[in-house]
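Thanks for making time. I will go through one structure, strand by strand, and then look at a few side chains.

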Amino acid sequence: QVQLVESGGGLVQAGGSLRLSCAASGFIFSVNAMGWYRQAPGKQRELVATIASGGSTNYADSVKGRFTISRDNAKNTVYLQMNSLKPEDTAVYYCHAGVVVIATMANYWGQGTQVTVSS
């Protein structure tokens, strides 16, 4: 079984920073793309940032220049450095990974971590 365990959420004032981490564990052959999504109350889940196994990245327009996604392939871990946080960044943040187990790839999600930005 594969698990994604997130950490690093919390409460921060506007303009502050937080760093999220997500580690994949279990019977893993390889990890393809990893990413972060978020869901605010009453809204649909939206993409925040993704990173391919080779390191290429993609960001939502709303976070470009403020958030940085990175990964450590040796640790099967993805990070999200969030700077200049705004109240509209408040949401539950979910980690996602495309994991290859033996010969099959499947999508896995973390349990979510709350990020609250106060004004």
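β1 and β3 run antiparallel and are paired through six bridges. To find the register, look at Q3, which sits across from S25 in β3. Bear in mind throughout that this is a predicted model.

That pair belongs to an open sheet of four strands, ordered β1-β3-β8-β7, with antiparallel pairing. The edges are β1, residues 2-7, and β7; each has a single partner strand, so one side of each lacks a neighbour in the sheet. On average, neighbouring strands here are turned by 15° against each other, ignoring direction.

Now the other edge. β7 covers residues 67-72, and strand β8 covers residues 77-82; the two are antiparallel, with six bridges between them. S70 is the residue opposite Y79 in β8. The connection is a hairpin with four residues between the strands, and in that turn N76 has a positive phi of about 50°.

Which residues of β7 make up its covered face, and which the uncovered one? F67, I69 and R71 are on the covered face, while T68, S70 and D72 are on the uncovered one. The general background is that side chains in a regular strand alternate between the two faces of the sheet. Note that the covered face of β7 includes an arginine, R71.

Next, a glycine just after the first strand. G8 is in the loop between β1 and β2, the latter being residues 10-13. G8 counts as partly exposed because its relative accessibility is 33%. Leaving out residues up to four places away in sequence, G8 touches L18, R19 and L20. G8 and L80 are 72 residues apart in sequence, yet their C-alpha atoms are 9.4 Å apart in space.

Let me move to β9, residues 91-101. Nine of the eleven residues in β9 are buried, so the strand is mostly covered. How many bridges join β4 to β9? There are eight, and β4, residues 30-39, runs antiparallel to β9. Within that pairing, Y37 has Y94 of β9 as its bridge partner.

β9 has further pairings. With strand β10, residues 104-109, β9 pairs in the antiparallel sense over six bridges, and V100 is opposite M105. β9 and β10 form a hairpin with two residues between the strands, where I102 takes a positive phi near 60°. With strand β11, residues 113-118, β9 makes three bridges, again in the antiparallel sense. In that pairing A91 faces V115 of β11.

β9 also carries one half of the disulfide. The structure holds one disulfide; C22 and C95 form it, with their sulfur atoms 2.1 Å apart. The angle about the S-S bond is -80°, and the link is left-handed. C22 is in strand β3, residues 18-26, and C95 is in β9, so to speak of distance along the chain, the two are 73 residues apart and the pair links distant parts.

Are these cysteines buried or exposed? C22 counts as buried because its relative accessibility is 0%. C95 is buried too, with a relative accessible area of 0%.

On to the interior. As a general point, nonpolar side chains in soluble globular proteins tend to be buried together. Here the largest nonpolar core has 31 residues, and W36, L80, M82 and Y93 have the most contacts inside it. The elements giving two or more residues to this core are β1, β3, β4, β5 (46-51), β7, β8, β9 and β11. Of these, β9 gives the most, with five residues.

Last, the aromatics. A search of the whole structure turns up one aromatic pair. The partners are Y37 and W109: their ring centres are 5.1 Å apart and their planes are at 65°, so the pair is edge-to-face. Why does this pair tie together separated parts of the sequence? Because Y37 lies in β4 and W109 in β10, and these parts are 72 residues apart in sequence.

The two rings belong to residues with different burial classes. Y37 counts as buried because its relative accessibility is 19%, and the cut-off for buried is under 20%. W109, at 39% relative accessibility, counts as partly exposed.

That is all I have; questions are welcome.

Key
Residues are numbered from 1 along each chain as its sequence is written. This is a predicted model: local features need pLDDT of at least 70, side-chain atom pairs count only at pLDDT 80 or more; totals for chains, interfaces and linings use all residues. Side-chain values use heavy atoms; hydrogens and water are left out. Buried means under 20% relative accessible area, exposed over 50%, partly exposed in between (1.4 Å probe, protein chains only). Two strands pair if DSSP finds at least two bridges between them. A disulfide is a pair of cysteine sulfur atoms within 2.5 Å. Axes are lines fitted to C-alpha atoms, for helices over the stretch in contact, and angles run from 0 to 180 degrees between N-to-C directions. A nonpolar core is a set of buried Ala, Val, Leu, Ile, Met, Phe, Trp, Tyr and Cys residues joined through side-chain atoms within 4.5 Å. Contact means heavy atoms within 4.5 Å. Rings of Phe, Tyr and Trp (its six-membered ring) pair if their centres lie within 6.5 Å; planes under 30 degrees apart count as stacked, over 60 as edge-to-face and the rest as tilted.
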